[in-house]
Amino acid sequence: MKKFKVHSDFSPAGDQPAAIDSICEGINNNFNHQTLLGVTGSGKTYTMAKIIERLQRPALVLAHNKTLAAQLCNEFKSFFPENAVEYFVSYYDYYQPEAYVPGRDIYIEKDADINDEIEKLRHSATSALFERRDVVVVASVSCIYGLGSPYDYENMILSLRKGSSYDMSYILQRLISMQYKRSDIDFARSTFRLRGDTLEIFPSYSANYAVRIEFFGDEIEKISEIHPVTGNVLTVRTHAAIFPASHYVTSEENIAKAVLTIEEELKQRVEYFRAQNKFLEAERLSGRTNYDIEMLRETGHCKGIENYTRHINQTQPGQPPYTLIDYFNKDFLFFIDESHVTLPQVRGMYGGDHSRKQNLVDYGFRLPSAYDNRPLKFDEFEKKLSTAVFVSATPGAYEKEHSQNIAELIVRPTGLLEPEIIIKPTKGQIDNLIENINKVTEKSYRVLITTMTKRMAEDLTNYLISCGIKTTYMHSEVDTLDRIDIIKSLRTGVYDVLVGINLLREGLDIPEIGLVAILDADKEGFLRNTTSLIQTIGRAARNKDSYVILYADNITQSIKEAVAETNRRRSKQIQYNSLHGIEPKSIIKDVTYTWAINEKKPEKETLSFEDNINILEEIALLSSQMQKLASELNFEQAAKIRDKIAELKKIYNL
């Protein structure tokens, strides 16, 4: 069994050794909650890696968005190249949940576009947890949503050994019950094919190899990993464990039991509706559910099977669902990154899900057991925090109240200081901003700019492009996986400026940043409170020459507190550097996004800067045409132009 081993050119320095000792001691003393308070650039990820290495326990790292999760996964992969570092996030590129709007009598069927690559990574994560202990899984809040039973998942694993005898029909039946499909032509993930005495299986969790099983009669003569396209043998094995193609697989016995309890619940619910004179709801529910029951009987699966997980798992009403967390051994380490954002996000998941399902249940679209296909409630989540470490530069009230130990990472190993903060008036801010952008980009540094709204981000981006500045924007409407490409493009110099909103805060670590500009810094609120300002200022803390400009006409309480805390940290860092004779050095980090997920999307054109401006002019012209057609009530043609504009923006990353 491999052990965790950190690969790095550096040893713990600054506050890191004391923080590692403190957190490990707390875990060994069975502390349930601890906080790692680490400023930007203090090496929080490296510190987490060293804690994992010292304790030799599997770890779950929870991030609050996919972009941060992808970045963390890359960093952990670089620290643990010999170990399993997995990525577990929502696999939907597009997701429209099932819903009913009673006021307009509109039923919205579930519609989703599943990203095949992310689905593979999810299966890779769960299969790794059953195969080894040296596993780090970096996950988004997707990990608190209901997943199939880990016990059924483990029991459905198909174990094949060289020299053992198997009935071929039994293996084929098992593969089908594991949701694999037979395909002799289109050999893709989660499929298998049989050619004479040779069975080839393309595992759900693999992209680079398939498994070839060669029989002599009923005995397995040879097991090989093969290239799925060329069929060339990559390696020979003595054993193969094939994991299910779905997290909702279960045995035929459990399906039979589930059908009985579903039928019983359906009977009770139909009687309830009829007693209330709701005959439409009764018929609707009866028809939909009976169809699902027949599908379960015939195939062991149905559309929306997750709504019946309570029956399939034989759990009680209201019982917490199985989640990714249940796939870990009980001694795992639970790191909650950027906890001041992640914990409130976890807290809010259940309410929205329950509210949507209530209409579906009340109007006969789903059985009440659908309520149990849900994310964890916060109190249920808390019970799983047996060995939790909250990681943040700005811990919230919850972390401070519950932590039995707080370890600080204020002094950076590089000697870097908190950035200098300059406050400028809003009058003439764009001209001043462009002047500073030019000054910074002349040194081959990059610039981050935060605005208040998406529209402001897009308008400012277009204006800067028209001024000859290589600029792009990033906000919530930008495809999740495109954000990774945008960050890579910024770091490699494709762009000099990145404009965004709150996405430019927690966990976005770009050493090339020379300037962070915060527009409308005096607009008190979520995006300009003390925590947000400190986090945004921290984006400039990885480069010794970087600085921050706050554009504000009033010095708000949030600005006062953010500046005061930044200066407190800066003073401590200066004192430490002076005492130890340390000269601040900018962080140098390789651009390692080579593992990034392949998404089916139009290839982006590589444009010269002049071409980019021409495209913007074309979009502006099309927008004028669209508005003119709309004013003439020619909505069909206007919609076509709207779609063309959207396609151009997607292709050219605008």
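Helices, as the term is used here, are DSSP runs of at least four residues, numbered from the N terminus. In this predicted model, one such run is helix 10, which covers residues 339-362 and in which Lys357 and Asp353 are separated by about one helical turn, because they stand 4 residues apart. The side chains of Lys357 and Asp353 meet in a salt bridge with an N to O distance of 2.8 Å. Both partners fall under the 20% limit for burial, since Lys357 has a relative accessibility of 4% and therefore counts as buried, while Asp353, at 10%, counts as buried as well.

Confidence in the prediction varies along the chain. The mean pLDDT of the protein is 87, and 90% of its residues reach 70 or more. The highest confidence belongs to strand 2, residues 59-62, with a value of 97, whereas the lowest is that of helix 18, residues 609-631, with a mean of 62. Over residues 593-613 the pLDDT stays under 50, and for this stretch the model has 45 contacts beyond four places in sequence.

Salt bridges occur elsewhere in the model too, and the structure holds 33 of them. In helix 4, which spans residues 116-131, Lys120 and Glu117 lie about one helical turn from each other because they are 3 residues apart. Their side chains form a salt bridge at 3.5 Å, taken from N to O, and both Lys120 and Glu117 are buried. The pair formed by Arg274 and Glu283 has its closest N and O atoms 3.1 Å apart. Here Arg274 counts as partly exposed because its relative accessibility is 42%, and Glu283, with a relative accessible area of 49%, is likewise partly exposed. In addition, a network of salt bridges links Glu98, Arg288, Asp292 and Arg366.

Helix 4 was also examined as a whole. Its 16 residues should span 22 Å at 1.5 Å a residue, and the C-alpha atoms at its ends are 22 Å apart, so the expected and computed values agree. Of these 16 residues, 12 are buried, and helix 4 is therefore largely enclosed by the rest of the structure. Among the buried residues are Ile118, Leu121, Arg122, His123 and Leu129, in addition to the salt-bridge partners Lys120 and Glu117.

A similar description can be given for helix 2, residues 44-55. With 12 residues at 1.5 Å each, helix 2 should span 16 Å, and its end C-alpha atoms are 17 Å apart, which agrees with the expectation. Helix 2 is mostly covered, in that 11 of its 12 residues are buried, including Lys44, Tyr46, Met48, Ile51, Ile52 and Leu55. The residue that follows helix 2 is Gln56, whose phi is positive, near 55°.

Positive phi values were also found in two loops. Gln179, which is not a glycine, has a positive phi of about 75° and lies in the loop between helix 6 (168-177) and strand 10 (181-182). Because its relative accessible area is 22%, Gln179 is classed as partly exposed. Asn277, also a residue other than glycine, has a positive phi near 60° and is found in the loop between helix 7 (252-275) and helix 8 (279-299). At 59% relative accessibility, Asn277 counts as exposed. The C-alpha atom of Asn277 is separated by 68 Å from that of His7, a residue 270 places away along the chain.

Among the strands, strand 24 (residues 513-518) pairs with two others. Strand 21, residues 446-450, runs parallel to strand 24 and is joined to it by 5 bridges; within this pairing, Arg446 has Ile513 of strand 24 as its bridge partner. Strand 25, residues 547-551, also pairs with strand 24 in the parallel sense, over 4 bridges, and Val516 stands opposite Val548 of strand 25. Together with helix 16, residues 530-537, strand 24 and strand 25 make a right-handed β-α-β unit. Strand 24 is largely enclosed by the rest of the structure, because 6 of its 6 residues are buried.

Conventions:
Residues numbered from 1 in each chain as written. Predicted model: local features only at pLDDT ≥ 70, side-chain atom pairs only at ≥ 80, totals over all residues. Heavy atoms only, no water. Expected span 1.5 Å × (residues − 1). Buried < 20%, exposed > 50% of the residue type's maximum accessible area, 1.4 Å probe, protein only. Salt bridge = Lys/Arg side-chain N within 4 Å of Asp/Glu carboxyl O. Pairing = 2+ DSSP bridges. Right-handed = clockwise from strand over helix to strand, strands pointing away. pLDDT = per-residue confidence, 0-100. Contact = heavy atoms within 4.5 Å.
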